[in-house]
Amino acid sequence: MSDTKKIRTIEKAPVPLKKLRVCAYVRVSTNQSEQQESFSAQVQHYTSYINNNPAWTFAGIYSDQGISGKNIEKRLEFMRMVQDAENKKFDLIITKSISRFARNVQDCLETVRKLKLLGIAVHFEKEAINTLTAESELMLSILSSVAEEELASISQNMHWSNQRRFKKGKFSVNTKRFLGYDKTERAI
């Protein structure tokens, strides 16, 4: 006879995993028709992308349309998203790229750090960065600097182009803002 006792094991019922509450942030900087199409495509893509992942629960789309990424203060939906993060309404934010999230290094890093302290990750699809990983801060610093410089370059190019038009006696009037029409160009 053996002195060993049989140990009875009790199997635990599997604990269902909590679904991640996921939202998306979408932004386009102008109201031009091609940007409007991009805006609509992004909203549709992220709504479908989140809803089709069985591990996720759709927590909404935050979207700023026709607003520059230079300053977060002017982006009401971005600010609402940060407020909702503070209120723990979601666990993960997905966005197309760093330049859609912010074109200002300071705003980008400060927001990501704030979200990280709240335990909320931001996933930048284009750059394949998840802000809760260790190496994300360095990559985010570098790439958000590139996005900020790209914005400065775009601004300089537009300024130069406008100066050239004025010298040629042409100017652009954005009548859409005032009259509901498309942008037109007129000669002086």
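Five strands form an open sheet in this predicted model. Their order is β2-β1-β3-β4-β5, and the pairing is mixed. The edges are taken by β2 (56-65) and β5, each of which has a single partner strand, so one side of each has no neighbour in the sheet. Strands of a sheet pair through backbone hydrogen bonds, in either a parallel or an antiparallel arrangement. Strand β1 (residues 20-28) and β3 run parallel and are joined by four bridges. Ala24 has Ile94 in β3 as its bridge partner.

**Overall composition**

The protein contains six helices and seven strands. Read from the N terminus, the elements follow the pattern β-α-β-α-β-α-α-β-β-α-β-α-β. The protein has 188 residues, of which 31% count as buried. Among contacts with a separation of 6 or more, 63% are between residues 24 or more positions apart. The accessible surface is about 12,800 Å², and carbon and sulfur atoms contribute 55% of that area.

**Strand β1 at Leu20**

Leu20 is found in strand β1. Is Leu20 buried or partly exposed? Its relative accessibility is 36%, so Leu20 counts as partly exposed. Beyond its neighbours within four places in sequence, Leu20 is in contact with Ala55, Trp56, Thr57, Asp91 and Leu92. One of these residues, Asp91, is 71 residues from Leu20 in sequence, while the C-alpha atoms of Leu20 and Asp91 are 6.0 Å apart in space.

**Aromatic pairs**

A pair of aromatic rings is described by two quantities, the distance of the centres and the angle of the planes. The structure holds six aromatic pairs. Among them are the two in the table.

| Ring pair | Centre distance | Plane angle | Arrangement |
|---|---|---|---|
| Tyr25 and Phe78 | 5.2 Å | 80 degrees | edge-to-face |
| Tyr62 and Phe90 | 5.8 Å | 65 degrees | edge-to-face |

Why is the pair of Tyr25 and Phe78 edge-to-face? The planes of the two rings stand at 80 degrees, and an angle over 60 degrees counts as edge-to-face. The pair links distant parts of the chain, with Tyr25 in strand β1 and Phe78 in helix α2, 53 residues apart. Both Tyr25 and Phe78 are buried.

The rings of Tyr62 and Phe90 have planes at 65 degrees, so this pair is edge-to-face as well. This pair also links distant parts of the chain: Tyr62 belongs to strand β2, Phe90 to the loop between α2 and β3, and they are 28 residues apart. Tyr62 has a relative accessibility of 3% and therefore counts as buried. Phe90 has a relative accessibility of 1% and also counts as buried.

Ring pairs also join Tyr25, Phe78, Phe101 and Phe124 into a cluster. Phe78, a member of this cluster, has a further partner in Arg75, whose charged end sits over the ring of Phe78 at 4.3 Å from its centre.

**Loop residues**

Which residues other than glycine have a positive phi? Lys88 and Ala128 are two such residues. Phi of Lys88 is near 60 degrees. Lys88 lies in the loop between α2 (76-86) and β3 (92-95), and with a relative accessible area of 41% Lys88 is partly exposed. Phe90 is placed in the loop between α2 and β3 as well, but Phe90 is buried.

Ala128 has a positive phi of about 55 degrees. Its place is the loop between β4 (121-124) and β5 (129-130). With a relative accessible area of 61%, Ala128 is exposed, because a value over 50% meets that class.

Thr131 is in the loop between β5 and α5 (136-167). Is Thr131 buried or exposed? Thr131 is buried, with a relative accessible area of 0%. A polar atom of the Thr131 side chain lies 2.8 Å from the backbone nitrogen of Val122.

Key. Residues are numbered from 1 along each chain as its sequence is written. This is a predicted model: local features need pLDDT of at least 70, side-chain atom pairs count only at pLDDT 80 or more; totals for chains, interfaces and linings use all residues. Side-chain values use heavy atoms; hydrogens and water are left out. Helices (H or I, at least four residues) and strands (E, at least two) are DSSP runs, numbered from the N terminus. Buried means under 20% relative accessible area, exposed over 50%, partly exposed in between (1.4 Å probe, protein chains only). Two strands pair if DSSP finds at least two bridges between them. A polar contact is a pair of N or O atoms within 3.5 Å; within protein, one must be able to donate a hydrogen and the other to accept it, and residues adjacent in sequence count only if both atoms are side-chain atoms. Contact means heavy atoms within 4.5 Å. Accessible areas come from the Shrake-Rupley method with a 1.4 Å probe; for residues, only the protein chains shown count as cover. Rings of Phe, Tyr and Trp (its six-membered ring) pair if their centres lie within 6.5 Å; planes under 30 degrees apart count as stacked, over 60 as edge-to-face and the rest as tilted. A charge sits over a ring if NZ of Lys or CZ of Arg is within 6 Å of the ring centre and within 35 degrees of the ring normal.
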